[in-house]
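Biologist: Hey, can you walk me through this one? I'm still new to reading structures.

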Amino acid sequence: MANMKIKAKVKGDTLKCKIQAKHDMITYNIAKKKGVDANFITYMTGKIGDRIVFEASTSQFLSKNPIIKFEAPSAGIKKGDELTMYWKDLSGKEVTEAKKIKGVK
Amino acid sequence: MERRKFLGLGLAAIALVPAGLSAKDFRADKPTAWKAKTVDDAIKALYGDIKAEESGLSIKVPKIASNGGAIPVGMKSDVQLKSLALFQDSNPEAAVAVFTIPADVKKVNYMTKIKMAKTGSITLVGEGTDGKFYKVNKSLQVALGGCEG
């Protein structure tokens with residue numbers, strides 16, 4: 001859990017997820033001031049098995065340690081299934097982490 | 001390459017992709033959209049010259065954001081969407097994020113936190129599965145800018 005916090009829970013017919021990625025999200029402005037390279041998350045996906053439940057292309061203007069909440073239909077989710085989150089940043093770093101989905105009967 | 005031609009190519013490429021196929025990186029696909037300085041330019045670069053209806057979507061933001069470094073933005077839709085794009089007009093570039101909506105999601109309910117340098121407005125544009133475009137705009141005050149670091 002070093003790079004991401006993942007919460008995924010089924011409630012009725014909805015899968016509710018909350019993700020917090022640990023990332024500084026350095027914008028071009030800040031990078032210029034501090035003399036470092038800009039670096040921010042550019043692409044993010046959430047998958048259960050092969051099924052994509054979340055997908056986003058993002059820019060430098062997400063907050064530091066960005067939080068994302070999303071909902072998807074819970075149909076087809078079995079007990080023991082995991083939500084796999086993946087992100088990629090401007091420097092090319094890629095992180096994948098999975099967490100078991102809670103609340104599945 | 002001329003912009004008009006580039007956009008035309010982009011649209012053709014989208015038309016060729018089967019509807020069910022997901023996994024699309026808008027940054028790689030539409031590099032110009034992320035460099036656009038204004039919301040209108042960014043929308044044009046992303047979706048082309050569209051006429052959007054002012055309905056179907058809603059944004060939930062605080063009226064006054066005390067900290068511009070992390071403004072919670074709630075995004076909801078009453079219509080089924082293919083993609084959803086979030087813009088604002090107070091930072092150097094307009095685009096914040098583009099979400100690809102999975103086909104089985106009927107109504108979008110997303111939330112994220114964004115940075116805004118000063119008081120401005122947030123625009124949400126959705127591409128419906130029916131081919132129509134939807135749009136909503138909301139302004140908010142930012143007490144302390146978030147892009148200064």
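Biologist: What pattern does chain A follow along the sequence?
Modeller: Reading along the sequence of this predicted model, chain A goes β-β-α-β-β-β-β-β. That gives chain A one helix and seven strands.

Biologist: And what does the C-alpha trace of chain A span along its principal axes?
Modeller: About 50 × 20 × 20 Å for chain A.

Biologist: OK, on to the sheet. In what order do the six strands of the open sheet come?
Modeller: The order is S1(A)-S2(A)-S5(A)-S7(B)-S4(B)-S2(B). The pairing is antiparallel.

Biologist: What holds strands together in a sheet, in general?
Modeller: Strands pair through backbone hydrogen bonds, and they can do that parallel or antiparallel.

Biologist: Which strands are the edge strands here?
Modeller: One is strand S1 (4-11) of chain A, and the other is strand S2 (57-60) of chain B. Each of those pairs on one side only. Going from one strand to the next, the twist averages 15 degrees.

Biologist: How many bridges join S5 of chain A to S7 of chain B?
Modeller: Two bridges. Strand S5 of chain A covers residues 67-73, strand S7 of chain B covers residues 109-114, and they run antiparallel.

Biologist: Which residue in S7(B) is the bridge partner of Ile68(A)?
Modeller: That's Thr112(B).

Biologist: Switching topic: how many salt bridges are there over all chains?
Modeller: Four over all chains. One of the salt bridges pairs Asp104(B) with Arg51(A), and their closest N and O atoms are 3.1 Å apart.

Biologist: Why does that pair join two chains?
Modeller: Asp104(B) sits in the loop between strand S6 (95-100) and S7 of chain B, while Arg51(A) is in strand S4 (residues 51-58) of chain A, so the pair joins two chains. More generally, side chains of opposite charge can pair when their charged atoms come close.

Biologist: I also see lots of lysines. Which ones gather in the patch of positive charge on the surface?
Modeller: Among them are Lys5(A), Lys7(A), Lys16(A), Lys69(A) and Lys99(A), and chain B adds Lys60(B) and Lys76(B). Lys99(A) is found in strand S7 (residues 94-100) of chain A.

Biologist: Which element gives the largest share of that positive patch?
Modeller: S1(A), with four residues. The elements giving two or more residues are S1 and strand S2 (14-21) of chain A.

Conventions
Residues are numbered from 1 along each chain as its sequence is written. Chains are lettered from A and ligands numbered from 1 in the order in which they are written. This is a predicted model: local features need pLDDT of at least 70, side-chain atom pairs count only at pLDDT 80 or more; totals for chains, interfaces and linings use all residues. Side-chain values use heavy atoms; hydrogens and water are left out. Two strands pair if DSSP finds at least two bridges between them. Axes are lines fitted to C-alpha atoms, for helices over the stretch in contact, and angles run from 0 to 180 degrees between N-to-C directions. Patches are made of residues with over 30% relative accessible area and no salt bridge: like charges are joined within 9 Å, nonpolar side chains (Val, Leu, Ile, Met, Phe, Trp, Tyr) within 5 Å. Accessible areas come from the Shrake-Rupley method with a 1.4 Å probe; for residues, only the protein chains shown count as cover. A salt bridge is a side-chain nitrogen of Lys or Arg within 4 Å of a carboxyl oxygen of Asp or Glu. Lys and Arg count as positive and Asp and Glu as negative; His and the chain ends are not counted. The place of a charge is taken as NZ of Lys, CZ of Arg, CG of Asp or CD of Glu.
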